[in-house]
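Open your viewer and get ready to select a few residues. We will take the stops one at a time.

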Amino acid sequence: MFRVSRDVYDGMVRLAVDEYPLEACGLVAGPPDADGTAGDDGSAWYPCRNAAESARVYTIDPKDHLRAELDADDHDLAINAVVHSHTHTEAFPSPTDVASAPDPDWHYVIVSLKNETPDVKSYRIVDGEIAPESFEIT
C-alpha cells in the first residue's frame, strides 16, 4: 500500500491537469523504512519538468531530480515514488513505463486524465512485473 498526504495528492492531480496536454511528472518522498529503503508513506511532493515535453512519454528533468533528492535528504526523507500522468489512456503502466522503472523499491503512481475525473493508481514494478497496490490519501 502507498499512502500520501492530501497535499501530495492534490499537488499530483493539479500538476497533471495544469500540464495537459503534455504528460506531467514528479517525485514523492517520505520517511525511509528502518533499513533505509524507501517507505510506503508520501509526505513531500516535488513537481518536476517533463524534459521530453511530450504527450506520450515523460523524462524527469535531471536538475529537478537532484533538487528533490537534496531537499529530501535535508529533511531526512527518501524518494519513494515517481508520478506521471497519462493524458488519454488508463492509469496503468505502459511498456515504456515498465522499461524505464528505475527502482524496484519505488511506488509508481499514474494520474489518468482519460475521463472527466482524474483517476490515480499506484503500482510496484519489479523485474518487468507490474503489481497493482492499494493507494490511500491520509
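Here is a short tour of this predicted model.

**Stop 1: a strand pair.** Select residues 44-48, which form strand β4. Of its 5 residues, 4 are buried, so the rest of the structure largely encloses this strand. Now add residues 25-30, strand β2. β2 and β4 pair in the antiparallel sense, with 5 bridges between them. To see one of these partnerships, show Val 28 and its bridge partner in β4, Trp 45.

**Stop 2: the largest nonpolar core.** Which residues have the most contacts inside this core? Select Leu 27, Ala 29, Tyr 46, Ile 60, Ile 79, Val 82 and Trp 106; the whole core has 18 residues. Colour β2, β4, α2 (62-74) and β5 (78-86) next, as these elements each give two or more residues to the core. Then zoom in on Ala 29. Among the residues that Ala 29 touches, leaving out those up to four places away in sequence, are Asp 41, Tyr 46, Ala 72, Leu 77 and Ile 79.

**Stop 3: another core.** Select Val 8, Ala 16, Ala 24 and Leu 113. They are included in a second, separate core of 17 residues.

**Stop 4: two cysteines.** Finish with Cys 25 and Cys 48. How many disulfides does the structure hold? The count is 0. The cysteine sulfur nearest to that of Cys 25 belongs to Cys 48, 5.7 Å away. A disulfide needs the two sulfur atoms within 2.5 Å, so this pair is not counted as one. Are these cysteines buried or exposed? Cys 25 is buried, with a relative accessible area of 1%, and Cys 48 is buried too, at 8%.

Note on methods: Residues numbered from 1 in each chain as written. Predicted model: local features only at pLDDT ≥ 70, side-chain atom pairs only at ≥ 80, totals over all residues. Heavy atoms only, no water. Buried < 20%, exposed > 50% of the residue type's maximum accessible area, 1.4 Å probe, protein only. Pairing = 2+ DSSP bridges. Core = buried A, V, L, I, M, F, W, Y, C linked by side-chain atoms within 4.5 Å. Contact = heavy atoms within 4.5 Å.
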